[in-house]
Amino acid sequence: MASLNTVLVPLVALLVTVASASNFYNDFDITWGDGRAKILSNGELLTLNLDKASGSGFQSRNEYLFGKIDMQLKLVPGNSAGTVTAYYLSSKGSAWDEIDFEFLGNLSGDPYILHTNVFSQGKGNREQQFYLWFDPTADFHTYSILWNPQRIVFSVDGTPIREFKNLESMGVPFPKNQPMRIYSSLWNADDWATRGGLVKTDWALAPFTASYRNFNAEACVLSNGESSCGTTTSPPSSTSNAWFSEELDSTRQERLKWVRENYMVYDYCKDINRFPQGLPTECSMS
Ligand SMILES: *[C@@H]1O[C@H](CO)[C@@H](O)[C@H](O)[C@H]1NC(C)=O
């Protein structure tokens, strides 16, 4: 356990493994919101705020090409209906890749929806949504993205909720060439997030606040725009980079099944009406 955080192994030229102790000052830039995003507690805590005039957001300084990235979030409490907290990885350009967590707020006592999506080469339409098995506003919980050349795994407190496998051999593009940054924002989406805009954001309760802490990344970091990471011919070789070839063992596959059976509220792979010409290729593979 200790070795991951204490050993820094150069992987290939220009490629480093980051296992950083969380400090928001070092790792992130606040990008918008005019003072509504704040780094607090010597860099250990970041808060985003939303009021009627604006939301706020931040992004990582680093660009990552594969990694295992953890962040703890505590979501907007109480009546959060209409608010959306987005936490995602994204590359740039018109054929971008993206790995999304989005938390759709709700009325007090009603469950948040955790919305997920995967874009490859500018094409998404791969939504899966879940309820959570705890109140995500009562405390911090860890939301993780494992992204390696074989798979993308979304996890919550170590429990996998979604796996998107590399099925390039079947013609499904997989994000593997474009470095991504981490982005997060808190914004108003009461035109769609609440069952198609049924419930409106209650601005009397503003500002709405989401909090972040304990960012941790074991990842390939791009520096100076160049890196040979991402070609499976030169994978990180050290055993401390086990995430690079990590897969779901049988225990975690059981957990994934448990989540899908008990907490999944939407799966594009089951939405036959939406895909009259047939479900996307990857849907027949899981
Ligand atoms: C809000 O709560 C309602 C009632 O339980 C539920 O149907 C809905 O999926 C929840 N989430 C959102 C984002 O509306």
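**Notebook: ligand shell, rings and odd backbone spots**

I began with the ligand, and the shell of residues around it divides into five nonpolar, two polar and two charged. Note to self: this is a predicted model.

**Ligand site**

Which residues sit around the ligand? I listed Leu104, Gly105, Asn106, Asp110, Pro111, Ile113, Tyr131, Ala193 and Arg195.

Next I went through the polar atoms. Tyrosine 131 puts a polar side-chain atom 2.9 Å from an oxygen atom of the ligand. Arginine 195 also offers a polar side-chain atom, at 3.3 Å from a ligand oxygen. With proline 111 it is the backbone that matters for my list: one of its polar backbone atoms is 3.4 Å from a nitrogen atom of the ligand. I then checked the ligand's surface; taken alone it exposes 360 Å², and the protein buries 77% of that.

**Aromatic pairs**

I turned to the rings and got a count of 23 aromatic pairs. I pulled out phenylalanine 28 with phenylalanine 215: the centres are 4.8 Å apart, the planes make 75 degrees, and the pair is edge-to-face. Phenylalanine 28 belongs to strand β2 and phenylalanine 215 to strand β15, so this pair ties together parts 187 residues apart in sequence. Buried or exposed, these two phenylalanines, 28 and 215? Both are buried.

I looked at a further pair, phenylalanine 101 with phenylalanine 154. Their ring centres are 5.3 Å apart with the planes at 90 degrees, so I logged the pair as edge-to-face. The cut-off behind that call is an angle over 60 degrees between the planes. Phenylalanine 101 is in strand β8 (residues 98–104) and phenylalanine 154 in strand β12 (residues 151–156), so the pair ties together parts 53 residues apart in sequence. Phenylalanine 101 and phenylalanine 154 are both buried.

Which residues do ring pairs link into a cluster? I found Phe24, Phe28, Phe58, Tyr212 and Phe215. So Phe28 and Phe215 turn up here again, as members of that cluster.

I also looked for a charge over a ring. Arginine 255 lies over the face of tryptophan 258, at 4.8 Å from the ring centre.

**Backbone oddities**

Where is there a cis peptide bond? I found one joining alanine 206 and proline 207, with omega at about 0 degrees. Proline 207 sits in the loop between β14 (181–188) and β15 (208–222).

Then I went after positive phi values. Aspartate 34 is not a glycine, yet its phi is positive, at about 50 degrees. Its place is the loop between β2 (28–32) and β3 (37–40). I put aspartate 34 down as exposed because its relative accessibility is 75%, and the cut-off for exposed is over 50%.

Asparagine 42, again a residue other than glycine, has a positive phi near 55 degrees. I placed asparagine 42 in the loop between β3 and β4 (45–50). Why does asparagine 42 count as exposed? Because its relative accessible area is 70%.

**Single residues I checked**

Threonine 142 is in strand β11 (residues 141–148). Its relative accessible area is 19%, so I noted threonine 142 as buried; the cut-off is under 20%. I asked which side chain it meets in a polar contact. The partner is the side chain of glutamine 72, at 3.1 Å.

Aspartate 267 is in strand β16 (residues 264–267). With a relative accessible area of 7%, aspartate 267 is buried. I took its C-alpha distance to threonine 116 as well: 9.8 Å in space, against 151 residues in sequence.

Alanine 95 was my last stop, in the loop between β7 (83–90) and β8. Is alanine 95 buried or exposed, or what else? It is partly exposed, because its relative accessible area is 36%, and partly exposed covers what falls between the buried and exposed cut-offs. I paired alanine 95 with glutamine 178: they are 83 residues apart along the chain, and 9.5 Å separates their C-alpha atoms.

Note on methods. Residues are numbered from 1 along each chain as its sequence is written. This is a predicted model: local features need pLDDT of at least 70, side-chain atom pairs count only at pLDDT 80 or more; totals for chains, interfaces and linings use all residues. Side-chain values use heavy atoms; hydrogens and water are left out. Helices (H or I, at least four residues) and strands (E, at least two) are DSSP runs, numbered from the N terminus. Buried means under 20% relative accessible area, exposed over 50%, partly exposed in between (1.4 Å probe, protein chains only). Rings of Phe, Tyr and Trp (its six-membered ring) pair if their centres lie within 6.5 Å; planes under 30 degrees apart count as stacked, over 60 as edge-to-face and the rest as tilted. A charge sits over a ring if NZ of Lys or CZ of Arg is within 6 Å of the ring centre and within 35 degrees of the ring normal. A residue is near a molecule or strand if one of its heavy atoms lies within 4 Å of it. A polar contact is a pair of N or O atoms within 3.5 Å; within protein, one must be able to donate a hydrogen and the other to accept it, and residues adjacent in sequence count only if both atoms are side-chain atoms. Accessible areas come from the Shrake-Rupley method with a 1.4 Å probe; for residues, only the protein chains shown count as cover. Ala, Val, Leu, Ile, Met, Phe, Trp, Tyr, Cys and Pro count as nonpolar, Asp, Glu, Lys and Arg as charged, and the others, Gly among them, as polar.
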